[in-house]
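Subject: Structure handover

Hello,

I am passing on the structure we spoke of. Please find it just below, with my notes after it.

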Amino acid sequence: MPHTPNPDEDDLDTVPPPQPVFHAEQALLGALLLDPHRLDDVSGITAASFSTAAHAALYGAITTLPRPDPAEHAQNTQWLDRVLTAGRAQARGLTATYLHTLVQVCHWPRHAPAYARMVEAEHARRRLLTAAERLIHTVHDASLPHPVQTVLAEADALAAVVDDIANRFPPRSGVLPRTPAPPHALAPDHTEAVEEEQLLLATATARPDDIDAVRWLVPDDLTLPLHAGLWQCLTTLARRGEPVDPVTVLWEAQQRGLLDDDSEPGEILRMLAEPAGSVGHWGERALQRSLLATSEHTGRRIEAYAGDPANTPFQLVVGARRALADITAVRTRWQHATGGTPPQQRRPAPAIRAGPPTTTAAHAARSTRATR
């Protein structure tokens with residue numbers, strides 16, 4: 001018979017379950033209240049594995065209190081009373097009525113290991129979701145003094161969660177999440193990114209000999225398709241040893257089909273003729289943005305996977321590891337850019353007509369152009 005709650009009591013058993021695992025938690029707790037010895041068959045979970053404070057408090061009480069004698073437990077409720085008292089210390093809303101409900105809804109106590117596995121799987125999904133959300137939040141934290149290092153630390157923490165889930169639920173090969181990945185989002189400083197990429201392209205056009213020193217930068221690191229294409233033109237011309245100037249780059253862009261209705265040749269020539277700063281500085285700025293953008297997209301992919309309860313832990317592990325591989329790839333290039341090449345092996349940067357290769361000069365050039 002369904003329980004009709006008293007208006008004056010805490011009707012935990014009437015709260016609509018937020019997700020199916022709520023029923024699994026109730027069944028597991030009911031099985032353990034009926035047959036405490038079945039706790040020997042349960043593994044892989046702790047009180048933190050449960051989705052509600054009340055269930056967590058009950059499981060904590062069940063696992064810490066001495067188990068009753070089976071014969072005595074079948075005759076009286078003394079052990080249940082002790083469980084309720086201990087549980088109330090953590091969740092005041094617990095009532096004897098709710099414990100009675102848990103016992104009533106569990107018809108198969110021998111299935112306790114299966115219920116525990118369900119609870120463990122759902123907890124794994126929540127852990128992964130929390131770690132992905134933390135990575136996304138860190139990417140957008142403008143107060144960080146060292147954003148790259150902090151973001152990579154959060155990526156490592158996320159990877160550790162994935163590894164732990166994989167140890168508990170070894171992935172099956174080829175089982176990918178069915179959830180579609182979210183689209184790439186524009187960086188909040190999109191205007192600044194565009195301006196700095198223009199400076200990168202112009203400075204590389206003026207100093208083609210410096211392009212070889214930033215081989216860690218790839219076209220996909222740039223935010224606009226036109227900029228990515230122009231960078232590919234520059235690297236191709238430099239690799240061939242052909243003349244590099246705004247006109248030759250424009251011609252190479254035409255040969256590659258980069259010029260469309262929105263790409264005016266005259267505007268591209270003007271952009272490529274305004275260098276400032278150094279290729280290495282702007283390249284590193286672009287790569288940092290790429291690393292942060294990749295980290296955010298990876299976090300959103302894993303967030304989408306973990307937010308879909310239809311995905312199994314096996315699918316979550318496979319999907320998360322594939323997403324994290326994108327961070328690993330750009331992270332390796334970041335390490336090459338910031339410390340992979342000893343300073344003495346870098347080519348000396350020749351002077352260019354826009355002034356000394358300093359960050360101050362570059363920002364001044366950008367500010368001047370922005371006020372025109």
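The notes below go from the whole chain to two helix pairs and then to three single residues.

Whole chain

Please keep in mind that this is a predicted model. The protein chain has 14 helices and 0 strands. Read along the sequence, the pattern is therefore nothing but helix after helix: α-α-α-α-α-α-α-α-α-α-α-α-α-α. The chain has 372 residues, and 42% of them count as buried. About 19200 Å² of the protein chain is exposed, and carbon and sulfur atoms supply 54% of that area. As for contacts between residues at least 6 apart in sequence, 77% join residues that are at least 24 apart.

Helices α2 and α4

The first pair consists of helix α2, residues 53-64, and helix α4, residues 78-88. Their axes come within 8 Å and cross at roughly 130°. Angles over 145 degrees would count as roughly antiparallel and those from 65 to 115 as roughly perpendicular, so α2 and α4 are oblique to each other. The crossing of these two helices is right-handed. On the α2 side, the contact is made by A57, L58, A61 and I62. On the α4 side, W79, V83, A86 and G87 take part. Sorted by class, the contact of α2 with α4 has 7 nonpolar residues, 1 polar residue and no charged ones. The polar one is G87, because Gly is counted among the polar residues.

Helices α10 and α11

The second pair is α10, residues 246-255, and α11, residues 265-272. They pack at an angle of about 135°, with their axes 9 Å apart. By the cut-offs given above, α10 and α11 are therefore oblique to each other. α10 passes α11 in a right-handed crossing. Which residues meet here? From α10 they are P246, V247, V249 and L250, and from α11 they are P265, I268, L269 and L272. The residues of this contact divide into 8 nonpolar, no polar and no charged.

Single residues

E252 also lies in helix α10. Is E252 buried or exposed? Its relative accessibility is 10%, and buried means under 20%, so E252 counts as buried. Leaving aside neighbours within four places in sequence, E252 is in contact with C233, T236, L237 and R240.

A337 has its place in helix α13, which spans residues 313-340. With a relative accessible area of 5%, A337 is buried. A337 and L217 are 120 residues apart along the chain, and their C-alpha atoms are separated by 8.4 Å.

A153 is in helix α7, residues 147-168. At 43% relative accessibility, A153 falls between the 20% limit for buried and the 50% limit for exposed, so A153 counts as partly exposed. The C-alpha atoms of A153 and L135 are separated by 9.0 Å, and the two residues are 18 apart along the chain.

That covers what I have on this model.

Regards

Definitions and conventions
Residues are numbered from 1 along each chain as its sequence is written. This is a predicted model: local features need pLDDT of at least 70, side-chain atom pairs count only at pLDDT 80 or more; totals for chains, interfaces and linings use all residues. Side-chain values use heavy atoms; hydrogens and water are left out. Axes are lines fitted to C-alpha atoms, for helices over the stretch in contact, and angles run from 0 to 180 degrees between N-to-C directions. Helices (H or I, at least four residues) and strands (E, at least two) are DSSP runs, numbered from the N terminus. Angles under 35 degrees count as roughly parallel, over 145 as roughly antiparallel, 65 to 115 as roughly perpendicular and the rest as oblique. A crossing is left-handed if the near helix is turned anticlockwise from the far one by less than a right angle, and right-handed if clockwise. Contact means heavy atoms within 4.5 Å. Buried means under 20% relative accessible area, exposed over 50%, partly exposed in between (1.4 Å probe, protein chains only). Accessible areas come from the Shrake-Rupley method with a 1.4 Å probe; for residues, only the protein chains shown count as cover.
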